[in-house]
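User: Please take a close look at one part of this assembly, the contact between two of its chains. I would like a connected account of how that contact is built.

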Amino acid sequence: MPDSTLTLHPHRLLPADPGIRAVAAELYDSVGNLPIISPHGHVPAQWLADDVSFADPTSLLITPDHYVNRLLHSHGVSLSDLGVGRPALDAEQSRKAFRILCSHWSAYRGTPVRFWLDAQLAGIFGVTLRPSAETADAIYDQIADCLARPEFGARALYDRFGIELLATTDDPCDDLAHHRALRDDPTWSGRVVPTFRPDRYLEPNGPTWIDDVDRLAEVSGIETGEYDGFIAALADRRRYFVEHGAVSTDHSHADARTDVLSAGDAARLFTLARKQEATDEEATALRRHLVSEMARMSCEDGLVMTVHPAVRRSHHTPTFESYGADVGCDIPIRAEFTDALRPMLQRYGTHPNFQLVIFTLDETTFSREIAPLAGFYPSVYAGAPWWFLDAPDAIRRYRAAVTETVGFAKTSGFIDDTRAFCSIPARHDMSRRLDAGYVATLVAEHRLDLDEAFDVMHDLVVTNPRKTFKL
Amino acid sequence: MPDSTLTLHPHRLLPADPGIRAVAAELYDSVGNLPIISPHGHVPAQWLADDVSFADPTSLLITPDHYVNRLLHSHGVSLSDLGVGRPALDAEQSRKAFRILCSHWSAYRGTPVRFWLDAQLAGIFGVTLRPSAETADAIYDQIADCLARPEFGARALYDRFGIELLATTDDPCDDLAHHRALRDDPTWSGRVVPTFRPDRYLEPNGPTWIDDVDRLAEVSGIETGEYDGFIAALADRRRYFVEHGAVSTDHSHADARTDVLSAGDAARLFTLARKQEATDEEATALRRHLVSEMARMSCEDGLVMTVHPAVRRSHHTPTFESYGADVGCDIPIRAEFTDALRPMLQRYGTHPNFQLVIFTLDETTFSREIAPLAGFYPSVYAGAPWWFLDAPDAIRRYRAAVTETVGFAKTSGFIDDTRAFCSIPARHDMSRRLDAGYVATLVAEHRLDLDEAFDVMHDLVVTNPRKTFKL
Amino acid sequence: MPDSTLTLHPHRLLPADPGIRAVAAELYDSVGNLPIISPHGHVPAQWLADDVSFADPTSLLITPDHYVNRLLHSHGVSLSDLGVGRPALDAEQSRKAFRILCSHWSAYRGTPVRFWLDAQLAGIFGVTLRPSAETADAIYDQIADCLARPEFGARALYDRFGIELLATTDDPCDDLAHHRALRDDPTWSGRVVPTFRPDRYLEPNGPTWIDDVDRLAEVSGIETGEYDGFIAALADRRRYFVEHGAVSTDHSHADARTDVLSAGDAARLFTLARKQEATDEEATALRRHLVSEMARMSCEDGLVMTVHPAVRRSHHTPTFESYGADVGCDIPIRAEFTDALRPMLQRYGTHPNFQLVIFTLDETTFSREIAPLAGFYPSVYAGAPWWFLDAPDAIRRYRAAVTETVGFAKTSGFIDDTRAFCSIPARHDMSRRLDAGYVATLVAEHRLDLDEAFDVMHDLVVTNPRKTFKL
């Protein structure tokens, strides 16, 4: 008989072995309620600046979350029916989208999306029914009732979630008005910091580059017709971000290469690109140089650099054309760091002001490249499992792949990288449970003493993100 | 003191943790006796059409099974002594080959081959002695006695194994006489379906291509001197296979690329190839185009497409020259799917009639490429672990690598891919045991409810293969 | 409250599940005290020839061990402060370096370095305090006291460690005087064998090649101005090594390719290289040919060939320039064996006198390439996890990746590959514990009978290294 209830077991995600679980539960309990530090993510600052109320369950839980949508699409659901890349759904459409999710509940079995949704439904909205075609409407109504109440406004949830710091991801030309508004709001005691994400400005043959570089001139007040001005304008915007609280820059290109050009070559390629005459090879060479330039600037302004390359964005062009980017059809490719980052690390790898966090979707690089790099260079940190790898078994593989080469202290601490605001506590909770399980296993195998294990847990949740992101 | 008995423990391959094992045993028991669906394999249809009796233990258990032979070869045994690539062994040679296997029993420790052989010896033939130099003759005699009896004929075994469907792998020019004979045989109630395997026809610089394409014209009655006729002839043979019950086509090339040529370029390269004037680069370009053409035809005739690229076939040329292909010296190479399949998936990835199953021997692609592709495209299924990866620890790694991104419902269900008829039940049984162990672990870690776990097990054994292969 | 004691739990590194652990402990006990066979490593023969006493804890435990140093460097410690690439530290500097290690003790949590250091401190020197800033001096003094006593001299430790054979790694022009002295010393009953490591001689565009080849002529008495002489001189030095007890040659290049040149092309490229006129491409082609030549010579002189390619040596050039090679900044890159070794294996893969051991830092090759190669070619052995992979979780992954394809019998047995003499017993002990855990899991899952498990353990520790290295 199908189980119709939804409950959160207190020992969920802890190892099943009773001896290990007992230790893991103790370790988890020691950090389970610590504040959330979220130094990389995609929640709009505007939600908190304006203390928005959320319109309905679908626009909060489904439409913005490509993790949820891609699996429904893989079962034949149209993204349109989920509100993706469309004007806001009306009340009936929103309810229908929620029914689609609930009636595909079995598609999420074994996935972290299921864990996050369970935690949101039960933990935030008090849902006690397992989603299904039959229970969809009742659950929808229950969440909708919640959302109408002031304690489910954006700031109330921020407080309830125990968030200490939340980073957004922003365009270099963004005026960061919402971040400023929050900073200047005496009724707000949280911390929302921007992140400098210049990808489009560093891809000279990207579809919007000419306009982007023009806008950069406009916003910075620095001419970007020549290479030197362009570099100065980027540095200026980084300063602006630092003034508004930014702690890091974020970079995602097709590869992680950082080959440096001579000043003359860089200027020459920039001029070609401005005339739209750069070949793809030249544009790529310039981009790799510019990424290295970002590291040079980090040595000056202290912004931590994070890289997460090697994803084929919008793999299915017809979907991109209908729905836009970031809708669930980005597919990873092989990554390479050892040779790719070498030019940059030769220059800045031991600079006292430089910190680099490496994220990957290619697990093969964890033990082969990332951990060895972080285990030698003082500047390099092994980034937490990201995106498709932010999942229980993958997180365990990550710890098992990097710890033996780099220990715990040079790992970045958890990052949630999410657009789904309400999933933040569940994601951090998942990470803490899995780390507790890994560390408990070390204790149970006499590879770590128990007092050290408690230290490690506290470090992973508090010390490491602070140190990695200079908080 | 060495243990001299051979027994099959009822809990073999289930996790050792008592709590998980209890759940796993329940889950396994719920599917252990379900019929076998085998939608991809290499058993000759003739065996069943003619209801053959098997001559001797060696020609049944050793000679056709390259899994068994390659390990003996790696310990210095000559393939000749095992009957490979040679006329049938005589009685004394057959007995000697069996002795070689038994006296190398320790070479199989820790391998799935050992599991399959144990299951065949004990489960089918009632052997209770562990194979060794000392026990070889007694075991040989016991199996030989069995084989002489009618209940060990091909059809009797098919029934005893509980096979519901068995797919063979066939040349596009094959007349499928045995499949037809079975279909028309009122005394036969099983189901044996052919599979369209056109590899040689799609490799224009392959050693036999000119002859193959000529034969294609002959068999189809369609001229293949020009590109259009060649395409029409292939489509004709696919139709013939569909009429004879085929549900899928099967493709194994050095890479998985699917770059499409213009109609003009395809015709031009085909004409060059027909004159044996195509460069290797041109031949490869044509092959990649032709693989995409197979997908186009699948949208029309509904045949499911399976790909399993990236094996260096017959790695040791002297062995190939002495013994032929498929004798155990195929060695995997790196695979790549994200970019390789993109041209094909751009065109057909959301076509309602298209289904693609991706198999790999490169485990790095499970979490990085295959699961993300299957987790977005409605057409794509993550194929079960195959060949070298059809093994307990590898199967666990597969589930742990793909489930978190794609769940269970977009995985293909087990395929045995075997030439060793008697190993089919053991192979399916191994898969069921390991899936039960994985699913039980999810239950024990409170990642899945128990009622869902039973559903998942039934789906993996029944629903998924039916849906994936349109049965 | 922090635990301040250092103890070695008898069940450390064994699986935590009580049922598996009970079996693992039995299995481990059956091999825990067997002699150590160390067929690949970097301890200087001179230490044993001269029966040296060790000056101080730092020069014994820290300075020569790049595993220890790299992690300290990654936390901002200068290699100079650890004595790397510098004249010997004085007493105060040595004590200060030891304090640095102890006050960074938490950096090693979860790493095998921690396991090895614990085992050395507690097991060899009787230390009972956990290292920390507070306990550093006391521990230093305790070890220093030990080192002053004759039972801590090199030969006494060799005996105490239970070493049966120790291989060094040597330049082809080395006169092997220390090996000869040991062989001729009637008071010495151990066995120290050289290993032929010709890397620099096979890299025609390497910085020292011209001088190396000249020295080769000088030492061998054979002209090396032409290709034939060069080959003859190499063969001569191999003979010299064989006469001095060598059992293997060792090769580490950027890739594993073995493409063979025609005699004419080889001679031509050699002549170009001698004139320093070979392009990098030509130099690489010649190197790949020369690696194949080493295999040809192995068929003649019987030396086992070991390869471990694909490391970017001295990744951070400024560190190399200040401190030299082998100081912890070598970073792995992707490896490839299937195509790379094919030319060599086509020729020598089934030669009865040829044995090849493949090591890798790229775990993806374990199941994809190395195990399939070792599971077909009689000559090929799957090398034990090496360097960054000589670590508990990585060793488990290795067994889980290779065993199912190649069993146990074609794996090399453990190699420690260390420069840290006192870590040898701890490293072999770690391997035995982890293998016991893996084998016990097979028993607990009814994949292997218990009597077989004891056999496997004995084989892994004794039979396999003897067979693999022809001891």
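Analyst:
**The contact between chain B and chain C**

Chain B and chain C bury about 4,000 Å² between them, with 49% of it on carbon and sulfur atoms; buried area is the accessible area (1.4 Å probe) that two parts lose on being put together, summed over both. On the side of chain B, Arg109(B), His315(B) and Arg334(B) lose the most area to chain C, together 19% of what that side buries.

This is a predicted model, in which local features need pLDDT of at least 70 and side-chain atom pairs count only at pLDDT 80 or more, while totals for chains, interfaces and linings use all residues. Residues are numbered from 1 along each chain as its sequence is written, chains are lettered from A in the order in which they are written, and side-chain values use heavy atoms, leaving out hydrogens and water.

Chain B gives 53 residues to the contact and chain C gives 46 residues, where contact means heavy atoms within 4.5 Å. Nine salt bridges are counted between chain B and chain C; a salt bridge is a side-chain nitrogen of Lys or Arg within 4 Å of a carboxyl oxygen of Asp or Glu. One of the salt bridges joins Asp362(B) to Arg368(C), with the closest N and O atoms 3.2 Å apart.

Among the elements that give two or more residues to the side of chain B that touches chain C are helix 1 (18–31), helix 14 (317–323) and helix 17 (392–406) of chain B. Helices are DSSP runs (H or I, at least four residues), numbered from the N terminus. Helix 17 of chain B supplies the largest share of that side, five residues.
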